[in-house]
Amino acid sequence: MKKYQLLVGGEWRDPSSGAWLESMNPFTGAPWALVPRGGKADVDAAVAAAKAAFCRQSEWRRMTATGRGALLHRLGDLVAVEAERLAEIETRDNGKLLAEMRAQLNYIPQWFRYFGGLADKIEGRVIPIDKPGVFNFTREEPLGVVAAITPWNSPLLLAAWKLAPALAAGNTVVWKPSEFSSVSALEFGELFERAGFPPGVVNIITGFGNEVGEPLVTHPDVAKVAFTGGDRTGEQVYQMAARGIKHVTLELGGKSANIVFDDADLTAAVNGVVSGIFAATGQTCIAGSRALIHRSIYPEFAERLLALARTARMGDPLDSGTQVGPITTRPQYEKVLDYIRIAKEEGALCRMGGAAASRPECGSGWFVEPTIFTDVRPEMRIANEEVFGPVLSIIPFDDEEDAIRIANNTVYGLAAGVWTASMRRALMMTERLEAGTVWVNTYRAISYMSPFGGYKRSGLGRESGAEAIREYLQTKSVWIDISGSSPNPFVMR
Ligand code: TXE
């Protein structure tokens, strides 16, 4: 088994604990790599390296914005060359389909290129200030050391969403990947040096949330925390960061509604609902885990949905014919099965799946059968809590108001889908839905160009799109006297 090291100040080193964690392959259930078990001493060293790389005289700070952009472009090109290798590593580490990880890895370069392009377009403003004899302008400046904390479901994609704007804005980074899927991050680490980033601009510390994540979030020299993960952990991270008055962005998942009206193209809608929940084995923050179906088409829609979902092929995620892979982590596998049990106990009707998969093609992997519940009532936990697995609830609605009420009746607000042929209805729904992303007659589309983030408990701030770079900048207002006079010192100018 390959034994990895931590990246600190441009050097690979063993963890100070002298301990390594086994990274598990969710398809075989067996360890396949050894990942350093970092700790506070490693975090301190990484933050010190990132702080040194950010200091006024550093190579990074003296580089022009165009130079930074060129490095990001080069990084994007290197990722493109390494995409296939990195995609395979991600599949072995998190069990997601190779087809999905390959698509992500081939797309990731665009984040580095897009934000590389933005790096030298970060401009202040000259403000036509209301005070005579004064010139006022703004500067947009980087924050300092950014802590990027990422989850296991799309390890490199979600890291790129943070690293690309953070670096384009001129910050330095300490990146803590999930303890369940760190291998791709550690392989990615060498690309920073190859692209020409000065040592210490990006540092990588692997390990557990309490042993690495907490010392990182609470470190006094960390200026910003960019986090993707569960909402409970996000809440803790937010509280810890608040004590240090740090900048924070949070992306915390959801309970997204995929709403199908009776005028929709039903073939497309059935397809969209299936892709919303069973793609990536439901382990995406944008999973459309609640299908809201107009009552007049509910029976027909349910039958068509069940018929399509039953055809889903489970198996080895490296196999190109597989459509549903295993659950990434053992605790997550148990959590998904727990939710299925609770839904049954609360009286939801399990129309499909509802158990661990014992098909021969699933081997000893952590598989859960694609599961569909009907008769789901609003107060049930399955209707309110994020399962993060292949589990769909179907809920009928009577009219537009009813659909909006049910869709918005959640603490989350990450995404929603609307299926309708009516432009009026589509526009009205996009306005009324409390979600950071609304798709109409499509689902699960993302781009480096379009802002992504949550309303309500789904998070704070935006990733991707031009908005994202603002999350890594702070504004300085500069006042210059051009009057040459000496105003009354006892009165505010
Ligand atoms: O995530 P955690 P977990 C949801 C999903 C899942 C649940 C739990 O519902 O079932 O979260 O998953 C680090 N201080 N999502 O436990 O704990 C941790 O090491 C600082 C939604 O795997 O949120 C990892 O690097 N950091 C989601 C990262 O936080 C801490 C994606 C995320 O782990 C920490 C994944 C601490 N105290 C899960 N504790 C999405 N939004 O897409 C943990 N971490």
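Is tryptophan 439 buried or exposed? Tryptophan 439 is buried, with a relative accessible area of 6%. Keep in mind while reading that this is a predicted model.

## Tryptophan 439 and its partner

Tryptophan 439 forms an aromatic pair with tyrosine 443. The two rings sit 4.5 Å apart, centre to centre, and their planes make an angle of 55°, which puts the pair in the tilted class. Tyrosine 443 counts as buried too, at 7% relative accessibility. Buried here stands for a relative accessible area under 20%, so the 6% of tryptophan 439 falls in that class.

## The sheet

Now for the strands. Seven of them form an open sheet, and going across it you meet them in the order 15-16-17-14-13-18-19. The pairing is mixed. In general, strands of a sheet pair through backbone hydrogen bonds, either parallel or antiparallel.

At the edges stand strand 15 (349-352) and strand 19 (437-440). Each has a single partner strand, so one side of each is left without a neighbour in the sheet. From one strand to the next, the twist averages 25°.

## Strand 13, strand 18 and a helix

Let's zoom in on one pairing. Strand 13 (residues 257-260) and strand 18 (residues 415-419) run parallel, and four bridges join them. To find your place along this pairing, look for asparagine 258, which stands opposite glycine 417 in strand 18.

Helix 9 (residues 266-277) packs on the sheet. This helix touches strand 13, strand 14 (290-294), strand 17 (391-397) and strand 18. The direction of helix 9 makes about 170° with that of strand 13.

## More rings, and some charges over them

How many aromatic pairs does the structure hold? There are 17 of them. Ring pairs also build a cluster, linking Tyr107, Trp111, Tyr114, Phe115, Trp161, Tyr448 and Phe452.

Rings get company from charged side chains as well. The charged end of lysine 3 sits over the ring of tryptophan 20, at 4.1 Å from the ring centre. Likewise, arginine 61 has its charged end over the ring of phenylalanine 54, with 3.9 Å to the centre.

## Cysteines

What about disulfides? As a reminder, a disulfide is a covalent bond between the sulfur atoms of two cysteines. A search of the whole structure turns up zero of them.

Two cysteines are worth a look for their surroundings. Cysteine 55 counts as partly exposed, at 31% relative accessibility, whereas cysteine 285 is buried, with a relative accessible area of 10%.

Note on methods
Residues are numbered from 1 along each chain as its sequence is written. This is a predicted model: local features need pLDDT of at least 70, side-chain atom pairs count only at pLDDT 80 or more; totals for chains, interfaces and linings use all residues. Side-chain values use heavy atoms; hydrogens and water are left out. Two strands pair if DSSP finds at least two bridges between them. Helices (H or I, at least four residues) and strands (E, at least two) are DSSP runs, numbered from the N terminus. Axes are lines fitted to C-alpha atoms, for helices over the stretch in contact, and angles run from 0 to 180 degrees between N-to-C directions. Contact means heavy atoms within 4.5 Å. A disulfide is a pair of cysteine sulfur atoms within 2.5 Å. Buried means under 20% relative accessible area, exposed over 50%, partly exposed in between (1.4 Å probe, protein chains only). Rings of Phe, Tyr and Trp (its six-membered ring) pair if their centres lie within 6.5 Å; planes under 30 degrees apart count as stacked, over 60 as edge-to-face and the rest as tilted. A charge sits over a ring if NZ of Lys or CZ of Arg is within 6 Å of the ring centre and within 35 degrees of the ring normal.
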